[in-house]
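Hi,

Here is the structure I promised to pass on to you. Have a look at it first, then read on for what I found in it.

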Amino acid sequence: MEKYDVAIIGGGIAGLTAAIMLANEGQRGIVFEKSTQFGGRSQTVNKNGVYMNLGAHALYKGGEAMQIFNELGITIKGAQPPTDTAQTIWKNQVYHVPMSFRTLFSKQFLNGIEKIQLAKMMAHLSKMDVEAVEKESIQDWAEREIRYPMIRHFFYAFCRTATQTHAPSLQLARPVLRQMQRGVKEGVLYIDKGWASIVTELRSTAEKVGVKLLNAMKVEKIEHDWQVKRVIGSNNEAYEVENVIITTPPDEACRLVPHVENTSLDRWRKEAIPATASCYDLGLRKLPDKNHQFVLGLDLPVLFTNQSRTAKVSEDGMTVVSLVNYHDLTKDRKTEIQTSKSLLEKSMDLIQPGWRGEVKEQQYLPHIAVTHNFPHIKRSAIPSPDVPEIKGLYVAGDWVGDEELLVDASLASAKRAASHILKRNQVLI
Ligand SMILES: Cc1cc2nc3c(=O)[nH]c(=O)nc-3n(C[C@H](O)[C@H](O)[C@H](O)COP(=O)(O)OP(=O)(O)OC[C@H]3O[C@@H](n4cnc5c(N)ncnc54)[C@H](O)[C@@H]3O)c2cc1C
């Protein structure tokens, strides 16, 4: 039987990061990935030289993930999209958002007072003390703090884009406001050649520091007697370990663990609310309307962004754009999914008339989990890295942890899981 200090289940960005952190401290680790490719939801599809992430992806410069990449010496190549121009869809028309002097006097959906209020709201977001915000939903916060209905529409659109989640009545205000503040103050990066370039760097770093990487190897079971004993792979082979970090979605995590019903892991699974979306990624020969690069739906939960305006995401200068329809988590998702494609196509007709003739590559993802959970008001317990009932069992991923969101939650929880194991194994860090 092969023996390791730590087994990591899932070779996405969280699993690879945790493995590197542990190996850096001398722990012998093995990563199991069920797919042939590493990267999970941070994969990028290369379609004839057009690099498409699984939906629009932006890395927050002020987030935990960026900080951890820096700590690990992972080079992130990309660029920040400009924030001085944006448009919005409102009642089937596209309007400029008054973000700069140039667009202040263009055809508007906001009156003079609303323009001033919008500027005030953006200024307030960048300066406010987010940490002082009480436990309440972002909807309760916005209904109290933002007086003008049009400004609230704008705020919710910004909130959807920043968190990639459409559930204002459920989302906790503080993490949402923190994310929006980071967006306003530090901005985001679009990544050259897509997020797979980060995965490639993580993979080669993991190999260099001695992590064993197994792809096309699904884990079927984690055996324990309330202390982790071994991991059973799909080849029926057993791997002897004392510590396991699970980075799979919560349902799959519970499937792997016998007697899970008596554990916190099962409670975390029951409380998790996945945020889902439909994504339409397009490689266009050219952009029909170059004035429209970043468009937020105000009365529609959609986003349009041209990632190729700053990042190198094609080999031959193609324009690579992404459209997202955020599913309303308080509604029946089946209906949402059925109508998503036509909603995105109609939005594209408004934003980029004539786009259909320019399509060279495309990818449509009708239903993808952007995050398997997010900080919400119904959560009674915060999934923490260690499953307290089973010694040596840890979890990481975007559904685990404190108040981080998206990939920041994945990497912050991966770091926490790794440091708990190091403490347990008495490695001083
Ligand atoms: C459309 C979309 C847009 C997004 N936009 C953003 C954004 O703008 N900013 C941001 O920060 N984040 C964004 N995200 C989120 C980000 O992509 C994820 O948070 C991150 O990729 C999650 O990484 P992970 O390693 O935690 O999980 P995953 O990537 O899901 O990795 C889990 C891995 O476990 C493997 N696995 C599952 N079961 C088993 C098993 N039994 N045995 C072995 N392996 C198994 C899976 O194959 C997978 O590779 C977006 C996600 C999506 C889908």
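Strands β3 and β4 make a hairpin, with 2 residues between them. One residue to look at in the turn is N48, which has a positive phi of about 50°. β3 covers residues 44-47, and 4 bridges tie it to β4 in the antiparallel sense. If you want to find the pairing by eye, go to N46 and look across to Y51 in β4, which stands opposite. β4 itself spans residues 50-53. Its V50 and M52 point one way, Y51 and N53 point the other way, and all of these are buried. That back-and-forth pattern is worth remembering: in a regular strand, side chains alternate between the two faces of the sheet.

Before you go further, keep in mind that this is a predicted model.

Now the overall picture. The protein has 12 helices and 19 strands. Does its radius of gyration agree or disagree with that of a compact globule? It agrees: a compact globule of 429 residues would come out near 22 Å, and the protein has 22 Å. Along the principal axes, the C-alpha atoms fill a box of roughly 70 × 50 × 40 Å. Of the 429 residues, 48% count as buried. Also, if you take the contacts with a separation of 6 or more, 72% of them are between residues 24 or more positions apart.

Next, go to β2 (residues 29-32), another strand with both faces covered. G29 and V31 are buried on one side, and I30 and F32 are buried on the other. β2 runs parallel to β1 (residues 2-9), with 4 bridges joining them. One pair you can look for there is I8 with its bridge partner V31 in β2. To get from β1 to β2, the chain passes through helix α1 (residues 13-24), and this β-α-β crossover is right-handed. β2 also runs parallel to β10 (residues 212-214), this time over 3 bridges. Here I30 has K212 as its bridge partner in β10.

There are a couple of open sheets to trace as well. One has 3 strands in the order β5-β9-β6, with antiparallel pairing. β5 (59-60) and β6 (78-79) are at the edges with a single partner strand each, so one side of each has no neighbour in the sheet. Between β6 and β9 (residues 188-191) there are 2 bridges, in the antiparallel sense. Look for A79, whose bridge partner in β9 is Y190.

The other one has 7 strands, in the order β8-β7-β15-β16-β17-β14-β18, and its pairing is mixed. Which strands are at the edges of this sheet? They are β8 (93-96) and β18 (359-371), each pairing on one side only. Ignoring direction, neighbouring strands in this sheet are turned by 20° against each other on average. Within it, β15 (residues 294-297) and β16 (residues 302-306) run antiparallel and are joined by 3 bridges. L296 has L303 as its bridge partner in β16.

While you're there, click on T319, which sits in β17 (residues 319-326). Why does T319 count as buried? Because it has 24 C-beta neighbours inside 10 Å, and the cut-off for buried is 20 or more. Setting aside neighbours within four places in sequence, T319 is in contact with L284, K286, L287, N306 and S308. T319 and V359 are 40 residues apart in sequence, and their C-alpha atoms are 9.6 Å apart in space.

Last, the helices. Two packed helices are described by the angle between their axes and the distance between the axes. The axes of α4 (residues 112-127) and α7 (residues 173-185) come within 8 Å and cross at roughly 105°. That makes α4 roughly perpendicular to α7. The contact is made by M122, L125 and S126 on the α4 side and by M180, Q181, V184 and K185 on the α7 side.

For another pair, try α2 (residues 64-72) and α12 (residues 406-424), whose axes come within 7 Å and cross at roughly 50°. With that angle, α2 is oblique to α12. Here E64, A65 and I68 of α2 meet V407, D408, L411, A412 and K415 of α12.

Happy browsing!

Conventions:
Residues are numbered from 1 along each chain as its sequence is written. This is a predicted model: local features need pLDDT of at least 70, side-chain atom pairs count only at pLDDT 80 or more; totals for chains, interfaces and linings use all residues. The radius of gyration is taken over C-alpha atoms; the globule rule is 2.2 Å times the number of residues to the power 0.38. A residue is buried if 20 or more other C-beta atoms lie within 10 Å of its own, exposed if 12 or fewer, and partly exposed in between; C-beta atoms are placed from the backbone. Two residues are in contact if their C-beta atoms, placed from the backbone, lie within 7 Å. Two strands pair if DSSP finds at least two bridges between them. A crossover is right-handed if, with the strands pointing away from the viewer, the path from the first strand over the helix to the second runs clockwise. Axes are lines fitted to C-alpha atoms, for helices over the stretch in contact, and angles run from 0 to 180 degrees between N-to-C directions. Angles under 35 degrees count as roughly parallel, over 145 as roughly antiparallel, 65 to 115 as roughly perpendicular and the rest as oblique.
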